[in-house]
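Open the model in your viewer and keep the sequence panel in sight. Each stop below says what to select and what is there.

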Amino acid sequence: MALLTMQQINMAFGGLPLLDKQDFHIEEGQKMGLVGRNGVGKSTLLHLLNGDFPPDQGQIMRRQGLKVSLLPQEHPTGVSGSLYQVAAHGLGKLGIFLTEQHGYAANELLAEDERQKIMADLDENKVWSLHQNITSILTKLKLDPKARFETLSGGYQRRALLARTLAAGPDLLMLDEPTNHLDIESITWLESYLAQQTTTLIFITHDRMFLRNLATRIVELDRGRLTDWACDYPTFINRKEKARENEQARWARQDRKIVEEETWLRKGLKARRTRNEGRVRALMEMREQRSQRRQRTGSVSMLAQEAERSGKLVATARDISFGYEPEKQIIKQLKTIILWGDKVGIVGPNGSGKTTLLRLLLGSLTPQSGEIKRGARIKPAYFDQLRQTLDQEKTVAQNINPDADTIVINGRQKHVISYLKDFLFSAQRAQSPVKTLSGGERNRLLLAKLFTQPSNLLVLDEPTNDLDTDTLELLESLLVEYNGTVLLVSHDRAFINNVVTSTLVIDSKGVVTEYAGGYDDWLSQSKSREKENNSSIKKTKPRRIKQAQPKLTWKQERELEDLPALLEGLEKEQADLEQAMSAPDFYRQEGDQVAKAKTRLEELEGEMESLLERWEELESIQKAAEEAKNGRV
């Protein structure tokens with residue numbers, strides 16, 4: 001028997017039904033990914049299965065004694081106490097008993113008879129095992145069991161609620177966006193933990209790698225219908241694309257047939273003479289079917305405004321260190337060169353300083369040691385993960401332009417409402433206050449606002465939270481095609497793989513290491529480096545061996561220090577020359593003057609390329625010398 005079965009379920013909240021006479025079942029041991037666009041009702045379905053409210057029509061049958069645990073997308077109210085107590089809460093009175101036994105603050109206490117009954121029913125090994133499971137989950141999620149829930153940030157409260165859901169030991173585990181506010185290390189742990197559990201799982205996530213690695217069954221909610229694809233996520237993607245093409249082709253054939261039959265019907269007299277009433281009824285039926293079609297929600301249409309090209313050098317950092325407290329540095333040994341057109345990913349544990357690193361590169365923070373130089377003509381546009389650039393009291397449209405009904409996008413004037421429709425905001429929704437928006441809608445609005453700014457440097461701090469897969473893929477395409485430079489902080493592994501050309505990784509000690517490529521490339525390169533280091537340690541003799549190491553000469557050190565200023569001077573000359581050549585009367589000069597200017601522009605490009613190559617050469621020698629020094633015994 002299935003753990004849970006839905007029969008002919010109808011569910012609506014005023015408008016079109018979120019579930020339209022749908023059947024559905026969950027078999028024991030399955031790991032099911034629930035997918036669909038933002039707003040189609042995925043979270044509502046989980047609450048329905050959890051018994052939080054009844055359906056409008058139909059019935060839900062659960063196996064007798066079924067224990068269900070749900071991690072909702074929105075935080076429940078009234079949660080307080082130590083994190084151990086919060087995590088143990090899902091175990092009921094047993095959880096209170098464990099909280100008491102291990103000395104964590106509890107809001108409620110067991111009566112003596114309840115305590116004695118629990119002690120009689122459970123052996124010590126079982127109690128210890130449950131306690132170990134709770135502490136292990138809290139540790140893996142980087143949570144202090146003694147910390148108070150009500151004192152934590154929203155992200156850490158989310159982690160504590162995830163710990164409570166996992167520790168409850170349900171028969172059916174339901175997770176709504178479980179990877180939100182988790183760093184990559186925690187996401188990979190959760191992925192591995194859930195894969196090893198025999199618990200039946202249904203989950204909603206925007207993390208495509210999480211879906212690919214975990215789901216054994218995909219169920220899609222689309223326009224009120226549940227479709228069971230009975231396959232893993234990569235297979236679903238292929239099948240879904242073919243199904244969409246078939247649906248569009250079927251509708252196109254039906255539309256053509258309706259046009260043909262309406263042409264026949266307009267002849268009127270002939271139709272009545274032939275008395276082909278069956279044909280008329282068939283046309284009426286096709287019209288009714290067309291009227292009942294539920295069109296798929298439109299696709300987001302994103303277009304970033306691009307400013308004039310920045311200089312070839314965007315930023316260079318040499319031996320940067322920074323900390324908010326003098327004795328505690330959160331960024332160490334940052335060395336990087338960012339050139340125009342680079343797409344740079346920044347990853348690391350929560351609290352490791354990723355946003356701080358962005359602010360250092362942008363110049364809003366000054367390093368305590370080392371030097372950062374920024375290039376010429378940089379125009380950044382910044383996506384703030386805290387969404388502080390949105391005015392919660394103003395409407396969606398007012399957040400785009402508070403002073404007018406139109407905006408200018410790439411030189412063309414466009415109505416704000418029309419622009420917002422590209423980001424799936426209806427005219428009515430565009431007049432709603434921001435505080436009423438869902439998480440996904442706020443992220444879409446933030447992207448819409450971001451792309452009204454002309455830029456040649458996009459800075460995105462966690463842009464993927466709460467976005468559906470279609471929007472994520474469109475944003476990926478935009479960033480790949482964007483002509484400027486991109487700095488991207490994200491915990492979405494697939495997003496990083498698909499967008500960035502290099503990755504800055506911050507470890508738990510604040511040391512920043514640069515890797516070519518995305519997330520998978522980082523894993524591969526870091527494993528290779530670890531293997532090489534281990535091999536080197538094994539081969540090293542237990543005595544100091546003096547060896548000649550590659551090292552910069554004094555002259556080369558001075559040359560390396562002077563390179564940024566030289567490159568900056570060439571870029572300024574290039575900018576001045578380009579500005580002069582753009583003047584209307586420039587080409588009225590004598591021909592040899594125009595030719596000289598064009599030749600000098602080509603020379604400048606070559607000189608800058610040579611300087612950059614020399615810079616990379618000297619940096620590689622310096623890096624090799626440091627690695628050799630650190631590898632000595």
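Select Arg37. This is a predicted model. Is arginine 37 buried or exposed? Its relative accessibility is 7%, under the 20% cut-off, so arginine 37 counts as buried. Look at the backbone around it: arginine 37 sits in the loop that links strand 3 (31–35) to helix 1 (42–49).

Now add Lys42. Lysine 42 belongs to helix 1. With 11% relative accessibility, lysine 42 also falls under 20% and therefore counts as buried. Which residues does lysine 42 touch, leaving aside neighbours within four places in sequence? Show Leu34, Val35, Gly36, Arg37, Ile204 and Leu221: lysine 42 is in contact with them. Zoom in on one pair. A polar atom of the lysine 42 side chain lies 3.1 Å from the backbone oxygen of arginine 37.

Widen the selection to Gly36, Arg37, Asn38, Gly39, Val40, Gly41, Lys42 and Ser43. The unreviewed UniProt entry annotates these residues as "binding site".

Next, go to residues 502–506. This is strand 19, and five of its five residues are buried, so the strand is largely enclosed by the rest of the structure. Turn it to see each face. Ser502, Leu504 and Ile506 lie on one side, Thr503 and Val505 on the other, and all are buried.

What pairs with strand 19? Add residues 343–347, which form strand 12; strand 12 and strand 19 run parallel, with four bridges. Pick out valine 344, which stands opposite serine 502.

Then add residues 512–516, strand 20. Strand 20 is antiparallel to strand 19, and five bridges join them. One bridge pair is isoleucine 506 with valine 512. Follow the chain between these two strands. They form a hairpin with five residues between them, and glycine 510 in the turn has a positive phi of about 90°.

Last stop: an open sheet. Three strands make it up, in the order 11-10-13, with antiparallel pairing. Which strands are at the edges? Select 331–339 for strand 11 and 369–374 for strand 13; each pairs on one side only. From one strand to the next, the twist averages 10°.

Add residues 313–322 for strand 10. Six bridges connect strand 10 to strand 11, in the antiparallel sense. Alanine 317 stands opposite threonine 336 of strand 11. Finish with residues 554–581. This is helix 20, which packs on the sheet and touches strand 10 and strand 13. The direction of helix 20 makes about 150° with that of strand 10.

Technical notes: Residues are numbered from 1 along each chain as its sequence is written. This is a predicted model: local features need pLDDT of at least 70, side-chain atom pairs count only at pLDDT 80 or more; totals for chains, interfaces and linings use all residues. Side-chain values use heavy atoms; hydrogens and water are left out. Buried means under 20% relative accessible area, exposed over 50%, partly exposed in between (1.4 Å probe, protein chains only). Two strands pair if DSSP finds at least two bridges between them. UniProt positions are given in the numbering used here, feature names are shortened, and annotations may be inferred rather than shown by experiment. Contact means heavy atoms within 4.5 Å. A polar contact is a pair of N or O atoms within 3.5 Å; within protein, one must be able to donate a hydrogen and the other to accept it, and residues adjacent in sequence count only if both atoms are side-chain atoms. Axes are lines fitted to C-alpha atoms, for helices over the stretch in contact, and angles run from 0 to 180 degrees between N-to-C directions.
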